[in-house]
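Please look over this model before reading on. The notes below cover side-chain contacts and surface exposure.

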Amino acid sequence: VGHAGTLDPDATGVLLVGVGNATRLLTFLVGHDKRYTAEVVLGTETTTLDSSGEVTATFDMSDVTCEQARVAAAALTGPIEQVPPMVSALKVGGRRLHELAREGIEVERQPRPVTIHRFDVSEAPESGVLVVDVECSSGTYVRTLAADLGRLLGGGAHLRNLRRISSGGFTVDEAASPDEAELRPMLDALRGFPVVTVDPTTADF
């Protein structure tokens, strides 16, 4: 069994899983664009950049408007460079960053290029919280986007309720829980690829 893109422990949504011989096709599913929805909590930074971490700093951001947040989000749209968070599956020196983070070890991480195709911001019913809808390239850390958004707004922020809406051509509407998921035909992993139908003679060649 394998998968085509790690989900954060607290995240929900689409995770593409291959079973048996289908794991060989996962190479065609890795690297596709993804879409996420989440909430950004203004005024609080955490060790993990999301709600699972310990609070490291607080800021008074009660005067920040949604329009200001949209302007800041626009500055984070397009080709940008991100520093991967310590709580990630990225390997440095043969070890995953989140393993080092659990041991209290922090290492230098080099910025990596990613592309944010869309970064929409809207108001949430709760004060001090923004709802975001992000379409991005593979390898993007939405929790880092949330932290960067907070800093651009003159304070800090962290992420919560992250949900992957789509990965490549697969959407959350097709998803099922692990207990209810059914195996799909292997050809489904190649949806979107050109298809050539050959005659029987060619097929037997």
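This briefing goes through salt bridges, ring contacts, a surface patch and one loop residue.

The model is predicted. A search of the whole structure finds 14 salt bridges. The corresponding search for aromatic pairs finds one. R191 takes part in two kinds of contact: a salt bridge with E174 and a position over the face of F170.

**Salt bridges around R191**

- E174 and R191 form a salt bridge, with their closest N and O atoms 2.9 Å apart.
- Both partners sit in the loop between β13 and α4, 17 residues apart, and the pair links distant parts of the chain.
- E174 has 30% relative accessibility, so it counts as partly exposed.
- R191 is also partly exposed, because its relative accessible area is 30%.
- D188 meets R191 in a salt bridge as well, at 3.1 Å from N to O.
- D188 has a further salt bridge to R184, where the closest N and O atoms are 3.1 Å apart.
- Is D188 buried or exposed? D188 is buried: its relative accessible area is 18%, and the cut-off for buried is under 20%.
- R184 has 42% relative accessibility and therefore counts as partly exposed.

**Salt-bridge network**

- Which residues are linked in a network of salt bridges? They are R35, R118, D120, D133 and E135.

**Ring contacts**

- R191 lies over the face of F170, at 3.9 Å from the ring centre.
- The one aromatic pair of the search is made by F28 and F193, whose ring centres are 5.7 Å apart.
- The planes of F28 and F193 meet at 85°, so the pair is edge-to-face; the cut-off for that class is over 60 degrees.
- F28 belongs to the loop between β3 (17-18) and β4 (34-42).
- F193 belongs to the loop between β13 and α4.
- The two rings are 165 residues apart, and the pair links distant parts of the chain.
- F28 is partly exposed, with a relative accessible area of 38%.
- F193 counts as partly exposed too, at 37% relative accessibility.

**Nonpolar surface patch**

- V1, L15, V17, V19 and L183 make a nonpolar surface patch of about 520 Å².
- Where is L183 found? L183 is in the loop between β13 (170-171) and α4 (200-204).
- L183 counts as exposed because its relative accessibility is 71%, and the cut-off for exposed is over 50%.

**T65 and its distance to V17**

- T65 lies in the loop between β6 (55-58) and α1 (66-75).
- T65 has a relative accessible area of 36%, so it is partly exposed.
- T65 and V17 are 48 residues apart along the chain, and their C-alpha atoms are separated by 40 Å.
- V17 is one of the residues in the nonpolar patch.

**The loop between β13 and α4**

- This loop recurs across the topics: it holds L183 of the patch.
- The loop also holds F193 of the aromatic pair.
- E174 and R191, the salt-bridge partners, lie in this loop too.

Technical notes. Residues are numbered from 1 along each chain as its sequence is written. This is a predicted model: local features need pLDDT of at least 70, side-chain atom pairs count only at pLDDT 80 or more; totals for chains, interfaces and linings use all residues. Side-chain values use heavy atoms; hydrogens and water are left out. Patches are made of residues with over 30% relative accessible area and no salt bridge: like charges are joined within 9 Å, nonpolar side chains (Val, Leu, Ile, Met, Phe, Trp, Tyr) within 5 Å. Accessible areas come from the Shrake-Rupley method with a 1.4 Å probe; for residues, only the protein chains shown count as cover. A salt bridge is a side-chain nitrogen of Lys or Arg within 4 Å of a carboxyl oxygen of Asp or Glu. Helices (H or I, at least four residues) and strands (E, at least two) are DSSP runs, numbered from the N terminus. Buried means under 20% relative accessible area, exposed over 50%, partly exposed in between (1.4 Å probe, protein chains only). Rings of Phe, Tyr and Trp (its six-membered ring) pair if their centres lie within 6.5 Å; planes under 30 degrees apart count as stacked, over 60 as edge-to-face and the rest as tilted. A charge sits over a ring if NZ of Lys or CZ of Arg is within 6 Å of the ring centre and within 35 degrees of the ring normal.
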